[in-house]
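Grab a pencil and open the viewer. Below are a few exercises to work through with the model in front of you.

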Amino acid sequence: MPADALRNEVIEVDVLVIGGGLAGCWAALRAKDLAGRVLLVEKARVGSSGASTFCAGDILWWTPQDDLEAWLQHYAERGGFLLDPEWFELLCRNIYERVLEMDSWGAPFEKDEHGDLVRKQGRGTDAAVVFPGYQLMKFMRRKVLERGARVMDRICVTRLLKEGDGVVGAVGFNTINGRFCTIKAGATVIASGGCCWKGNYYGLDMICGESFALAYEAGAALSNMEYSNTFNSSTPRFDIYGMSRFQRLGGKFTNAGGERFMEKYDPEMKDGAYTHTLAMAMYREMKAGRGPVYFDLIEMPEKDRALSLKLLPMLFKLLERSGLDLFKERAEWMPSFVGAMGSAKGIKLTDTDCSSTVPGLYAAGDAACQGLVIGAIMGPGAINLTWAIVTGFLAGEAAARFAQERGVLEPGTAQIQQAREYTLRPLNRKKGASPDDLYYELQKIVIPGEHSIIRQGERMQQALARALEIQDEAGRLRAQDPHYLVKCHETVASALTTEMVYRSGLLRTESRGGHFREDYPETDNKNWLKWITLEKSVGGMALSTQAVPLHKYQKYGITPPST
Amino acid sequence: MPPRVDATKCTGCGICDLVCPGDVIHQLDKELHPLVRYPEECWYCGSCRADCPEEAISYVFPAVII
């Protein structure tokens with residue numbers, strides 16, 4: 001064990017934010033407005049990690065001139081009526097102010113010749129303001145430091161600390177030197193993303209379900225975990241980001257025979273379809289012997305080409321170097337696994353202040369249940385960043401208020417000692433498997449199309465059984481250094497997340513949005529206009545259902561399907 | 001082996017180590033050039049290349065990628 005691992009650093013703060021992507025930065029910024037001591041911890045580095053670092057920078061921006069009911073109607077229908085309309089309205093009204101606030105800081109939004117914010121098309125929207133993706137998180141890091149929040153990079157959080165029913169902080173270790181640290185906090189925000197199972201999509205290799213594992217072990221409920229199988233699409237050779245925009249700006253998909261097949265699968269949105277429809281379409285075309293499928297940007301208008309080159313310079317450099325010119329010719333394309341990112345799943349929010357079911361614990365961004373605003377849609381495009389900003393803001397605000405009221409509580413030395421032993425245990429093992437090999441076993445039961453795009457009861461049962469075996473093995477891994485210790489904890493978190501996915505997927509005996517079961521191919525509104533919730537109980541994972549509050553739709557003039 | 005550091009341009013400032021989200025690059029000593037310690041874990045995100053003030057970093061893509 002490295003000598004540093006033996007030391008114990010103790011930090012006391014009012015608000016602790018775990019995860020330094022867009023949601024975490026917003027939580028820290030807002031918390032700092034209201035609380036004295038705010039600490040943002042990040043497993044990698046704030047500014048160059050998290051899904052938001054590798055986004056294309058489209059933020060869905062509602063303004064008071066837009067028709068709220070029309071927007072709601074679109075997302076509600078497309079998302080199979082699993083969203084909460086009141087949450088959707090709050091999201092719209094709040095993002096209007098947040099984007100203006102960011103603009104007032106001098107954020108580099110794309111503007112027209114009058115200096116007004118330009119709104120562009122993306123998957124499912126005509127109203128995304130555009131922030132160059134690769135600058136977004138660097139900008140946010142500067143803002144967080146300027147405002148006086150403390151940032152600690154390279155801290156991997158492994159357990160939340162509790163006192164009575166409430167969360168009172170967390171423990172973790174430094175990923176470089178292995179030093180253990182205890183953070184006592186008045187309130188804690190989890191913003192450490194979803195779970196991407198280190199899939200083949202761009203920049204997501206560090207997002208391993210730690211949010212869900214931390215919340216679950218602390219007794220918090222999670223919702224809609226069956227919606228953890230998002231796809232994007234990319235070349236088989238490397239990943240493409242910016243697809244949401246490309247799909248709406250002249251991008252087109254064709255099969256081996258040259259047919260524009262997306263019109264068959266989604267006559268309304270066509271090539272701009274949400275990714276659960278797109279991945280399914282590509283999968284079915286290939287299974288029917290009409291593969292491979294292709295993508296091109298031949299029909300993209302000239303002004304959008306110029307903007308794309310400006311916003312995504314690294315991507316176009318890479319395309320050029322590999323001899324692909326999508327403006328001139330089509331290239332082979334495939335579904336690309338993203339996992340539990342930007343989909344309905346996440347820590348259950350009990351109120352619009354982003355509180356979890358555990359006092360003192362809040363959730364934001366991909367960690368929080370985004371189904372409240374998108375329902376069963378996969379790959380909803382620009383609304384992901386909107387969700388990160390708004391929930392970050394709300395969670396930071398509520399956490400700061402909670403911390404002021406309750407103050408910092410003492411977690412007790414026995415609990416800290418136990419958490420420390422748990423955290424560093426893989427470093428102490430002389431023997432044990434490597435986390436890399438075991439992680440691959442996990443990917444095999446999550447990523448392939450027969451587990452993610454088209455599900456089936458028996459296959460999910462088998463995958464669940466294998467996930468439980470892998471969980472068992474993950475508890476016996478060996479880490480030769482702190483870098484591998486991170487990977488051990490990532491494997492544990494992802495294996496637990498996999499169990500959540502399949503237990504929820506087996507319970508939902510229907511198909512809706514991104515959850516498609518070949519043994520239950522129809523949408524069952526009679527029985528399944530429901531959210532699935534799970535939490536830790538004495539006998540293991542306990543699942544329950546809750547009816548979607550359909551009465552709320554009437555206020556917005558929308559008639560939900562009859563049950 | 002991605003990423004590749006050009007020793008004639010590198011000043012040992014350590015920014016690449018600082019920004020790498022995968023903890024792949026380690027600058028152990030200011031006098032030494034950065035060490036690509038876990039090359040198989042690099043996912044070509046471009047952070048080190050984009051932030052290197054000397055433009056000393058390039059990528060060598062394996063055959064499966066290009």
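Here are four exercises on this predicted model, each with a worked solution.

**Exercise 1.** Find which strands pair with strand 9 (residues 180-190) of chain A, starting with strand 1.

*Solution.*
- Step 1: Start at strand 1 (residues 8-18) of chain A, which runs parallel to strand 9 of chain A and shares 10 bridges with it. To check the register, look for A:Val13, which sits opposite A:Ala185.
- Step 2: Now go to strand 8 (residues 166-174) of chain A, which pairs with strand 9 in the antiparallel sense over 5 bridges. Here A:Val171 faces A:Thr182.
- Step 3: Follow the chain between strands 8 and 9 of chain A: they make a hairpin with 5 residues in between, and A:Gly178 in the turn has a positive phi of about 80 degrees.
- Step 4: Finish with strand 16 (residues 361-363) of chain A, joined to strand 9 in parallel by 3 bridges. The spot to check is A:Thr188, opposite A:Leu361.

**Exercise 2.** Work out why strand 9 of chain A counts as largely enclosed by the rest of the structure.

*Solution.*
- Step 1: Recall the cut-off: a residue is buried if 20 or more other C-beta atoms lie within 10 Å of its own.
- Step 2: Apply that to the strand. Of its 11 residues, 10 are buried, so strand 9 of chain A is largely enclosed by the rest of the structure.

**Exercise 3.** Explore the largest nonpolar core and say which helix gives the most to it.

*Solution.*
- Step 1: This core has 190 residues, and A:Val15, A:Val189 and A:Ala215 are among those with the most contacts inside it.
- Step 2: Helix 12 (residues 383-406) of chain A is the top contributor, with 14 residues.
- Step 3: Zoom in on A:Ala215. Beyond its neighbours within four places in sequence, its contacts include A:Ile190, A:Leu222 and A:Ala363.

**Exercise 4.** Describe how helix 1 (residues 22-34) of chain A packs against helix 12 of chain A.

*Solution.*
- Step 1: Get the geometry. The angle is about 35 degrees and the axes are 7 Å apart.
- Step 2: Add the handedness: helix 1 and helix 12 of chain A cross in a right-handed way.
- Step 3: Pick out some residues in the contact, including A:Trp26 and A:Leu29 from helix 1 and A:Phe393 and A:Ala399 from helix 12.
- Step 4: Sort the contact by class, and you get 16 nonpolar, 4 polar and 3 charged residues.

Notes. Residues are numbered from 1 along each chain as its sequence is written. Chains are lettered from A and ligands numbered from 1 in the order in which they are written. This is a predicted model: local features need pLDDT of at least 70, side-chain atom pairs count only at pLDDT 80 or more; totals for chains, interfaces and linings use all residues. A nonpolar core is a set of buried Ala, Val, Leu, Ile, Met, Phe, Trp, Tyr and Cys residues joined through C-beta atoms within 7 Å. A residue is buried if 20 or more other C-beta atoms lie within 10 Å of its own, exposed if 12 or fewer, and partly exposed in between; C-beta atoms are placed from the backbone. Helices (H or I, at least four residues) and strands (E, at least two) are DSSP runs, numbered from the N terminus. Two residues are in contact if their C-beta atoms, placed from the backbone, lie within 7 Å. Axes are lines fitted to C-alpha atoms, for helices over the stretch in contact, and angles run from 0 to 180 degrees between N-to-C directions. A crossing is left-handed if the near helix is turned anticlockwise from the far one by less than a right angle, and right-handed if clockwise. Ala, Val, Leu, Ile, Met, Phe, Trp, Tyr, Cys and Pro count as nonpolar, Asp, Glu, Lys and Arg as charged, and the others, Gly among them, as polar. Two strands pair if DSSP finds at least two bridges between them.
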